[in-house]
Amino acid sequence: MALAIAILALVLLLCFCSALLRWNEVRYRRKGLPPGTMGWPFFGETTEFLKQGPNFMKSQRARYPFLFKSHILGCPTIVSMDPEVNRYVLMNESKGLVPGYPQSMLDILGKCNIAAVHGGAHKVMRAALLSVVSPTMIRDRLLPKVDDFMRSHLRNWDQQIIDIQEKTKEMALRSSMKQIAGIESGPLSESFIPEFFKLVLGTLSLPIDLPGTNYRRGIQARKNIVKLLQQLINERRASETQKDDMLGFFMSEENKYKLNDEEVIDQIITVLYSGYETVSTTSMMAVKFLHDHPKVLQQLREEHFAIREKKRAEDPIDWDDLKAMKFTRAVIFETSRLATIVNGVLRKTTKDMELNGFLIPKGWRIYVYTREINYDPFLYSEPLTFNPWRWLDKNLESHNYFFIFGGGTRHCPGKELGIAEISTFLHYFVTKYRWEEVGGDKLLKFPRVEAPSGFHIRVSSY
């Protein structure tokens, strides 16, 4: 009897689940939509997307064309793997497309962050941001701070086993904090850093506002960070002394883009957030690829020792040195391509629109999936080979499907600053040290590139 009841309950549960899946498919059925599946109500196919990553994408691509519908990160979404469609979406924001980042990211990074605004507001925010990361600002104000920080950060690594993932994360965040708001080691730094890590986790969570969720922790972390930054702004305003950092420039009379405190704080959080992930992960993966490819490391060392030979030991890296690091730039680009630090970007439709013969309803997201483009043999010969020399052909940086740093009006404004930070890190790392992997550390590639248990290397002086 008990067995019969258990079997009946199981059958009913299966029927209920099947009905839920069917209901969700019918709910999003509309003539002209691309093919695809929508998964469970509310959750959609988010679990499969996050856990399986590229394999989920390849599975869907095998079943459907380069365009398919899904429901990921809380939104009905059209996923595009078509290079031409991706280019159109990224280059035509004014034609019914706006940023479509997940609600959790918008809530936590702030309504004034450059990724959330569009139209006239985006132009102002982008111009304001570009003004603090311009070549002149990098040369005169930021590069000296980066150089000073990197020297200090890499000072005592000799004869150590270090977690290069932890070290590059610390490097990216602390370097940015110094450039942006002059925050160095001390009470403010120690209060800020743990809150920032909670904020990062919250941006990639479902927007479920319940105690104990990453989203709730991220929202609270944002409140704490805003409070700390507002306190810093108030102190600077009261002291009437201008600091030589990004915050000082935002608050100065020479800045023609007059932002209120909320806008300034959201821009600071955005710069910290966007630079943290890309700079730290690219630096870690560059160390990995250089270890695995001795000829690349040899040529990189030659470039950096040639720069050092013209300097005294205490002389910093300057703008001319940075421009001379052509092979270093190629290593950074190839690392970004092969490691695929950024898998894609999201846009949202503001009206019903047609895309490649399909209807895309108003309010749906379009996920421009750029990962596969990085491995396209028509764009990159032997695409799975780490070959920085390919980037010495400058035309490769400007080809139509180069989306490593975004595209269109959303092209990453901090690209050159990030390259300057990674180049300076590599300069001091490869000229001071040699290293070998301890071994046994696992690297994940999706949804973000990371080593769950750390990525450990044994370092000795060169």
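# A guided tour, starting at helix H8

H8 is mostly covered, with 14 of its 18 residues buried. Keep in mind as you click along that this is a predicted model.

**Stop 1: helix H8**

Select residues 164–181 to see the whole of H8. From its first C-alpha to its last, H8 reaches 25 Å, close to the 26 Å expected at 1.5 Å a residue. As you look along a helix, remember that an α-helix has 3.6 residues a turn, so residues three or four places apart point the same way.

Now zoom in on the start of H8 and show the side chain of Asp 163. What does a side-chain oxygen of Asp 163 reach there? That oxygen comes to within 3.0 Å of the backbone nitrogen of Gln 165. Then travel to the other end, where Gly 182 follows H8. The phi of Gly 182 is positive, near 65°.

**Stop 2: the five-stranded sheet**

Next, colour the strands E1, E2, E8, E5 and E3. They form an open sheet in the order E1-E2-E8-E5-E3, and the pairing is mixed. Which strands sit at the edges? They are E1 (67–72) and E3, each of which pairs on one side only. Turn the view to look across the strands: neighbours in this sheet are turned by 35° against each other on average, direction ignored.

A little background helps here. Strands of a sheet pair through backbone hydrogen bonds, either parallel or antiparallel. In a regular strand the side chains alternate between the two faces of the sheet.

**Stop 3: strand E5 and its two partners**

Select residues 344–349, which make up E5. This strand is mostly covered: five of its six residues are buried. E5 pairs with E3 (residues 97–99) in the antiparallel sense, over three bridges. To find one of these pairings, show Leu 97 together with its bridge partner in E5, Thr 349.

Now look for the pairing of E5 with E8 (residues 365–369). How many bridges join E5 to E8? There are five, and the two strands run antiparallel. Gly 344 makes a good landmark, with Tyr 369 as its bridge partner in E8.

**Stop 4: two pairs that are distant in sequence**

Select Lys 95, which you will find in the loop between helix H4 (83–91) and E3. Add Met 353: these two residues are 258 residues apart along the chain, yet their C-alpha atoms are separated by 9.0 Å. Lys 95 is partly exposed, at 44% relative accessibility.

For another such pair, select Phe 358 in strand E7 and then Phe 68. They are 290 residues apart in sequence and 9.8 Å apart in space, C-alpha to C-alpha. Phe 358 has a relative accessible area of 21%, so it counts as partly exposed, since buried means under 20%.

**Stop 5: the cysteines**

Show the cysteine side chains and begin with Cys 412, in the loop between E8 and helix H16 (415–432). An unreviewed UniProt entry carries the annotation "binding site" at Cys 412. Is Cys 412 buried or partly exposed? With a relative accessible area of 31%, Cys 412 is partly exposed.

Move on to Cys 112, which counts as buried at 10% relative accessibility. Why does the sulfur of Cys 112 form no bond with the closest cysteine sulfur? That closest sulfur is in Cys 412, 20 Å from the sulfur of Cys 112, which is too far for a bond. For a disulfide the two sulfur atoms would have to lie within 2.5 Å. Cys 75 is buried too, at 12% relative accessibility. A search of the whole structure finds zero disulfides.

**Stop 6: two residues with positive phi**

Finish in the loops. Select Asn 356, between strand E6 (353–355) and strand E7 (358–360). Its phi is near 55°, a positive value in a residue other than glycine. Asn 356 counts as exposed, at 53% relative accessibility.

Then select Glu 382, in the loop between E8 and H16. Glu 382 has a positive phi of about 45°, although it is not a glycine. At 58% relative accessibility, Glu 382 counts as exposed.

How values were computed: Residues numbered from 1 in each chain as written. Predicted model: local features only at pLDDT ≥ 70, side-chain atom pairs only at ≥ 80, totals over all residues. Heavy atoms only, no water. Helix = DSSP H or I, 4+ residues; strand = E, 2+ residues; numbered from the N terminus. Expected span 1.5 Å × (residues − 1). Buried < 20%, exposed > 50% of the residue type's maximum accessible area, 1.4 Å probe, protein only. Polar contact = N/O pair within 3.5 Å; in protein donor to acceptor, adjacent residues only side chain to side chain. Pairing = 2+ DSSP bridges. UniProt positions renumbered as here; feature names shortened; annotations may be inferred. Axes fitted to C-alpha atoms, helices over the stretch in contact; angles between N-to-C directions.
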